[in-house]
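Thanks for coming, everyone. I'll put a model up on the screen and walk you through a few places in it.

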Amino acid sequence: MESDNPTIFPRVLIVSRRTVRKNKFVDFVGEYHLDLIVNYGAVPVIVPRVSGVHTLLESFEPIHGVLLCEGEDIDPSLYDADLSSFSPDEIEEIRRLHASDTAIDREKDSIELRLAKLCLERNIPFLGICRGSQVLNVACGGSLYQDVEKEISKKFPEGQRVVHMDYENYDGHRHIVKVVENTPLHHWFKDSLKAEKMEIWVNSYHHQGVKRLAQRFVPMAFAPDGLIEGFYDPHVYNPEEGKFIMGLQFHPERMRQLNSDDFDYPGCASAYQEFAKAVRSYQKRHNGSAFVGKTLKLDEDMEKKRKVIVRSFSIARDMYSIRRGMLAGEESELQVGAKFLEANTALSLQQEKRLKQMGATVRNASACMERLKMNEEKEKLARKMMGKMSIEQLSDIVSFYHMMGQICTEVLERKLHNLTNEIGG
């Protein structure tokens with residue numbers, strides 16, 4: 001007999017990487033990551049890195065966790081990259097040696113940076129492996145070395161240089177890292193660490209790395225050349241409470257014995273195990289805040305009113321999102337939403353601060369209407385200004401208005417639910 005209440009596992013978003021197979025682009029995610037997520041009680045949801053997906057991320061809700069892993073170099077224009085120390089010949093040599101990594105994938109950048117920022121805003125559990133750790137650092141204002149070998153390794157004598165990648169031995173390559181005491185990494189590998197050295201051998205495959213660590217993070221491990229190999233936010237780390245924000249430059253999922261699935265150390269799987277624990281806890285904590293509309297039953301009259309108000313907000317959101325003007329007959333529909341806002345909502349300090357940052361502070365309903373009725377000259381000016389913005393800035397604005405639309409929908413449905421209860425009482 002099937003259960004009436006089947007277990008709904010938490011959802012972990014993982015962005016795919018693009019490659020070419022049979023002269024066509026193919027998206028993929030390494031199975032090691034997928035296996036570990038499933039084994040520890042979560043469901044991997046693959047986000048394809050195809051054009052436009054960065055504007056559709058709300059369609060992947062609910063999001064209980066995000067795992068970002070391998071990929072190409074992050075576009076250096078997205079952070080404080082210093083290329084002045086490289087000659088044109090050196091830049092060309094880097095591109096030649098690391099051709100598969102230096103081909104910038106701006107769509108993947110947009111998707112992953114947006115997801116990282118979403119996790120930071122909502123405290124959604126986040127685990128970044130390799131490139132994923134770099135995305136997390138950049139999302140928080142950190143920077144990256146453009147090429148570890150040329151910027152760090154060359155400063156050391158030949159015999160003391162750390163090899164961070166080996167194209168001929170991807171799975172078998174290892175180098176030492178020193179683990180920082182009293183960090184999650186220390187706890188996971190404590191049975192394999194010798195107190196006098198605090199070292200483990202890790203698998204890595206990268207030519208870039210963290211240069212300036214974002215202020216909120218604390219290092220967990222260093223390579224002998226000083227490169228940060230792991231970091232986390234100690235203020236957002238408590239897997240039992242659904243808190244987990246972490247980046248690992250090395251690959252614990254690939255640290256396995258030759259021709260075997262056995263890990264090099266018992267602690268190798270702990271990052272995924274604790275991440276999944278945080279994801280499950282996050283899901284449990286937020287189950288109570290699921291949309292009331294899923295179970296809410298309104299009478300016919302109230303349902304009509306709800307649809308009219310939702311329609312009003314949808315029109316307003318579309319006008320902001322795609323920068324279109326008001327169509328004939330829409331003014332009266334917009335007025336319904338404006339009256340609802342005026343009578344029922346007020347912005348919190350946090351919301352108002354966020355609105356000011358986006359350059360669109362909405363003080364009241366009449367101010368909203370004035371914006372919607374802006375004349376042709378103002379619209380041209382706005383289009384000109386936005387034409388100078390970067391893709392990332394425009395994507396931030398679009399994402400923000402999608403988020404506000406979702407918040408409005410939740411608030412609206414809760415208010416209608418309460419109103420229905422009052423009428424029924």
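Start with the status of what you see: this is a predicted model.

Now the overview. The protein has 425 residues, and 44% of them are buried. DSSP gives 14 helices and 13 strands. Take the contacts between residues at least 6 apart in sequence. Of those, 73% join residues at least 24 apart.

First stop, helix α4. How many residues does α4 have? It has 17, running from 106 to 122. From first C-alpha to last, α4 reaches 24 Å, close to the 24 Å expected at 1.5 Å a residue. Is α4 enclosed or open? It is largely enclosed by the rest of the structure, because 13 of its 17 residues are buried. Just after the helix comes Asn-123, with a positive phi, near 60°.

What does α4 pack on? Helix α5, residues 131–139, is one partner. Two packed helices are described by the angle between their axes and the distance between the axes. For α4 and α5, the angle is about 65° and the axes are 9 Å apart. The crossing of α4 and α5 is right-handed. On the α4 side, the residues that meet α5 are Lys-108, Asp-109, Glu-112, Leu-113, Ala-116, Lys-117 and Leu-120. Look at the spacing of those numbers. An α-helix has 3.6 residues a turn, so residues three or four places apart point the same way. On the α5 side, the contacts come from Arg-131, Val-135, Leu-136, Val-138 and Ala-139.

Next, helix α8, residues 270–286. Its 17 residues should span 24 Å at 1.5 Å a residue, and the end C-alpha atoms are 24 Å apart, so the two agree. The buried residues of α8 include Tyr-272, Phe-275, Val-279 and Tyr-282. Polar side chains are on that list too, among them Glu-274 and Gln-283.

Now a single residue: His-175, in strand β8, residues 175–179. Is His-175 buried or exposed? The cut-off for buried is under 20% relative accessible area. His-175 has 4%, so it counts as buried. Which side chains make polar contacts with that of His-175? One is Ser-204, at 3.1 Å. Another is Glu-229, at 3.5 Å. Leave aside neighbours within four places in sequence, and His-175 also touches Val-162, Val-163, His-164, Ile-200, Trp-201, Val-202 and Ala-223.

On to Ile-152, in the loop between α6 and β8. Ile-152 has a relative accessible area of 6%, so this loop residue is buried. What does Ile-152 touch beyond four places in sequence? Tyr-145, Asp-225 and Leu-227. Leu-227 is 75 residues away along the chain, yet its C-alpha is separated from that of Ile-152 by 8.2 Å.

Last, the cysteines. A disulfide is a covalent bond between the sulfur atoms of two cysteines. How many disulfides does the model have? The count is zero. Take Cys-130, which is in no disulfide: the nearest cysteine sulfur belongs to Cys-69, 8.9 Å away. The cut-off for a disulfide is 2.5 Å between the sulfurs. Cys-130 is at 6% relative accessibility, so it counts as buried. Cys-140, in turn, is partly exposed, because its relative accessible area is 23%.

That's the tour. Questions, please.

Notes
Residues are numbered from 1 along each chain as its sequence is written. This is a predicted model: local features need pLDDT of at least 70, side-chain atom pairs count only at pLDDT 80 or more; totals for chains, interfaces and linings use all residues. Side-chain values use heavy atoms; hydrogens and water are left out. Helices (H or I, at least four residues) and strands (E, at least two) are DSSP runs, numbered from the N terminus. The expected span of a helix is 1.5 Å times one less than its number of residues. Buried means under 20% relative accessible area, exposed over 50%, partly exposed in between (1.4 Å probe, protein chains only). A polar contact is a pair of N or O atoms within 3.5 Å; within protein, one must be able to donate a hydrogen and the other to accept it, and residues adjacent in sequence count only if both atoms are side-chain atoms. Contact means heavy atoms within 4.5 Å. Axes are lines fitted to C-alpha atoms, for helices over the stretch in contact, and angles run from 0 to 180 degrees between N-to-C directions. A crossing is left-handed if the near helix is turned anticlockwise from the far one by less than a right angle, and right-handed if clockwise.
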